[in-house]
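Here are my notes after a look through this one, set down as numbered points. Have the structure open while you read.

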Amino acid sequence: MVKLFLLIFLGLFSSALAVTDSIGLNISSDATVRYVTVKSFTAQGIQDAIDQVSSSNGEIYLPAGVYDMRVTANANANAKVLINKSVNLSGAGIGTVISAVSANGTTMFDVSSNDISISNMYFYGSDTTNGELNDGKIGVNNTSGIANRLTVENCYFRAWAEAISSTVGNASVNWKIKNNTFEFAGSALPSPNYAIHLNGQNFCSIENNYFDNIDGTSVFLDASLNTTIFGNRIIVDTGGARAIWLNAASYSVVSGNSIDSQTTGTLLVEIGGSTDSSVVVGNSLDQGASGTEILNGGTNTVAASNS
């Protein structure tokens, strides 16, 4: 009888070591938090989930809803949410809305650690239909520290000064930006703006994204080396805008992209004078009425076999 009682007690105790608590934390037997579902649709709710999850490949799920980003949720005044550990943040697709409406001009998600993944959510910058000025808002940004192996995929970005950027200019590597949609329609947006702005990040890939109505530059590589821009669809709607700009972006490859202009005076691909040994080949380029398809000011740079 005593043995039976002990076996039952030990079984109950063992089961209690792996439970889900009342705020959605999946706690394993070694007391690390591996999975968190965000419960509050605010920047603070997202920050709380990041703070609670373990720092080794923790999973954070953002259910469908509109997340109010007006109030900063961490000590970094330049960002609403600070992602400072290796975590995967995923939403419910377009139903998970990271809303910067009425938020001041700052970063929504600041990535400052290695191995961060952001996927399946809708980043909404400004309510430009009501005349709100997008005063420098950035969706995903690296403002400090090294952030190697960042992945942003299957997200929708609308009405941002910059959707994905780095303002720190460090040498982070292996960013993967893929299968996203960028649409920046709205006269209240600042000009110019950038959908993707890499500033010193190397060995990155920008693949299979869709860009439309970017007033400034869809993809801007600024001193970013060994980066691949492949398989993207870019529509240039604004005169004076660029599709792709390589500035000191040496050893990069631009290939397999479909780029066309729907207005006059655009520049599809610009290769800056400090770019060395890059390749722009095998792209489908349609300039339309007027403008320039490729402006090649680089050194040892090949721009050929583009139709």
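1. Start with the open sheet: nine strands, paired in parallel, in the order β5-β8-β11-β14-β17-β20-β23-β26-β29. The edges are β5 (65-68) and β29 (284-286), each of which pairs on one side only. On average, neighbouring strands of this sheet are turned by 10° against each other, direction ignored. Keep in mind that this is a predicted model.

2. For a look at one pair in the sheet, try β11 (residues 122-124) and β14 (residues 156-158). Three bridges link them in the parallel sense. If you want a place to zoom in, Y124 sits opposite R158 in β14.

3. Further along the order, strand β23 (residues 233-236) runs parallel to strand β26 (residues 258-261), with four bridges joining them. Here R233 is opposite S258 in β26.

4. Now follow S258 across to the edge. β26 is also parallel to β29, and three bridges join the two. The bridge partner of S258 in β29 is S284. As a reminder of the background, strands of a sheet pair through backbone hydrogen bonds.

5. Zooming out, how many helices and strands does the protein chain have? The count is two helices and 31 strands. Among contacts with a separation of 6 or more, 73% are between residues 24 or more positions apart.

6. Last, burial and surface. Of the 307 residues in the protein chain, 50% are buried. The chain exposes about 12500 Å², and carbon and sulfur atoms supply 53% of that area.

Key
Residues numbered from 1 in each chain as written. Predicted model: local features only at pLDDT ≥ 70, side-chain atom pairs only at ≥ 80, totals over all residues. Heavy atoms only, no water. Pairing = 2+ DSSP bridges. Axes fitted to C-alpha atoms, helices over the stretch in contact; angles between N-to-C directions. Buried < 20%, exposed > 50% of the residue type's maximum accessible area, 1.4 Å probe, protein only. Contact = heavy atoms within 4.5 Å. Areas by Shrake-Rupley, 256 points an atom, 1.4 Å probe, with all protein chains shown as cover.
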